[in-house]
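Open the model in your viewer and keep the sequence panel beside it. The stops below say what to select next and what is there.

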Amino acid sequence: MTDTHAAFAPFVATLGRGPGRSRALTREEAQTAFGMVLRGEADPHQIGAFLMLLRFRGEDAEEITGMARAVRAQCGLGRPELAVDLDWPSYGAGRTRGAPWFLLSALALARSGVRVLMHGSNDFSSGISVAEGMAALGLQPATGLDTAFRISRFAYLPLETMAPEMDRLLEMRRLFGLRSPVNTAARLLNPADAPFGVDGVFHPPYIGVHLGVAERMGRRRLLVLKGGGGEAERVPLKPAVASVWDAATGRAEIALPAIDGLLPHPAVGDTPESFAAVWRGETAPETPLATVRATIALALLAMGRAENPDQALDQATAIWSQRL
């Protein structure tokens, strides 16, 4: 038992005292506690108890804000000088995912002039990862924020490169059999302080947490929806609702209509090669292309570049057709 272990113990006790006595951590407490975790000052047993108590109690916007702030401070994140337009986290773990069609949406947006930073980890997804999709297109992940945009207006920064301490904590899912609040905190890091963000969740109750953290972090605008496999991807087979935090107007919802006549796309047949062929225009599967265009439209709505979903989809169709 070291001095730092003794200093960390009260945070575990606060969360786990039992009915009527436990409470959520304040933003400042969460930042202090998670900073200790990131610096290796807590015992591994304490870390496991800490993360699972946070999950068991239910994710809290104050706690996640404190955790995100601790990571940003520890890893030197927050780089407004990079002039990134759109923050795009990719941490989905869908067991039925196929290809990352949202990646094609982000690349098309970048070709149209939008500076996009995608960051994440797809270690727990059963589908084609972002890194595999990029490799099929002849692209490589960034090796750091400083060099991310030397070649194009799109960059993908793996979590293991951006915040290796967080990546190791995310891997603890294999030990727990459960995701932890680390996953939510990672999605909300906004490493380049982009004014706009588009984010996906797997469970709708997390949407309010994401919007609450965006508000507390002073972000300009964030759009969140229940996306395919937990990704910021709009599969327009049925109607959906996107939730928005805007610093000027507060919270709002945007109704997203379905596209009639689409049939589900069988993910089992997706390969990196077939994925790349869609980008090059060599094949045109109807539902994946509708997904790509609808996801571009989602990003345009996140950035406030369209007044409504119909206008956004019209712009998205033009952006996709002009990508090459």
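Begin by selecting A83, which sits in the loop between α4 (61-75) and β1 (86-90). This is a predicted model, and every value on the tour is computed from it. A83 is not a glycine, yet its phi is positive, at about 55 degrees. Most residues other than glycine have a negative phi. Is A83 buried, exposed or partly exposed? Its relative accessible area is 46%, so A83 counts as partly exposed, a class that runs between the cut-offs of 20% and 50%.

Next, select N190, in the loop between α10 (181-187) and β4 (196-201). N190 is another residue other than glycine with a positive phi, in this case near 45 degrees. Its relative accessible area is 4%, so N190 is buried. The two loop residues can be put side by side: A83 is partly exposed, whereas N190 is buried.

Now go to the helices. Show α2 (residues 27-38) and α3 (residues 44-57) as cartoons and look at how they cross. Two packed helices are described by the angle between their axes and the distance between the axes. The axes of α2 and α3 come within 11 Å and cross at roughly 140 degrees. α2 is therefore oblique to α3, because an angle has to be over 145 degrees to count as roughly antiparallel. The handedness of the crossing of α2 and α3 is left-handed.

Turn to the enclosed spaces. How many cavities of 30 Å³ or more does the structure hold? There are two. For the largest cavity, select F124, L170, R173, R179 and N183, the residues of its lining that lie nearest its centre. The whole lining has 14 residues, and the space inside is about 100 Å³. By type, the lining of the largest cavity divides into six nonpolar, five polar and three charged residues.

For the second largest cavity, select S90, R97, P100, F102, N122, S125, I128, S129, V130 and E231, which line it. About 40 Å³ of space lies in this second largest cavity. Its lining is made up of four nonpolar, four polar and two charged residues.

Keep S129 selected, since this residue is part of the lining of the second largest cavity. S129 lies in the loop between β2 (116-120) and α6 (130-136). With a relative accessible area of 15%, S129 counts as buried. Add L103 and draw a distance between the C-alpha atoms: S129 and L103 are 26 residues apart along the chain, and the separation is 9.7 Å.

I128 also belongs to the lining of the second largest cavity. From I128, draw a distance to P264; the two C-alpha atoms are 18 Å apart, with 136 residues of separation along the chain. P264 is in the loop between β7 (250-256) and α12 (272-280). Which side of the cut-off does P264 fall on, buried or exposed? P264 counts as exposed, because its relative accessibility is 64% and the cut-off is over 50%.

The last stop is the second largest pocket. Select L139, Q140, I151, S152 and F154, which lie nearest its centre among the 21 lining residues. About 490 Å³ of space lies in this pocket. α5 (101-111) and β3 (154-158) each supply at least two residues of its lining. Colour the lining of the second largest pocket by residue type to see 13 nonpolar, five polar and three charged residues.

Notes: Residues are numbered from 1 along each chain as its sequence is written. This is a predicted model: local features need pLDDT of at least 70, side-chain atom pairs count only at pLDDT 80 or more; totals for chains, interfaces and linings use all residues. Side-chain values use heavy atoms; hydrogens and water are left out. On a 1 Å grid over the protein atoms alone, a cavity is a set of points where a 1.4 Å probe fits but cannot get out, and a pocket is an open set with protein on both sides within 12 Å along at least five of seven lines; lining residues have an atom within 4 Å of a point. Grid points are joined across faces, edges and corners, and a volume is the space filled by probe spheres set on the points. Helices (H or I, at least four residues) and strands (E, at least two) are DSSP runs, numbered from the N terminus. Ala, Val, Leu, Ile, Met, Phe, Trp, Tyr, Cys and Pro count as nonpolar, Asp, Glu, Lys and Arg as charged, and the others, Gly among them, as polar. Buried means under 20% relative accessible area, exposed over 50%, partly exposed in between (1.4 Å probe, protein chains only). Axes are lines fitted to C-alpha atoms, for helices over the stretch in contact, and angles run from 0 to 180 degrees between N-to-C directions. Angles under 35 degrees count as roughly parallel, over 145 as roughly antiparallel, 65 to 115 as roughly perpendicular and the rest as oblique. A crossing is left-handed if the near helix is turned anticlockwise from the far one by less than a right angle, and right-handed if clockwise.
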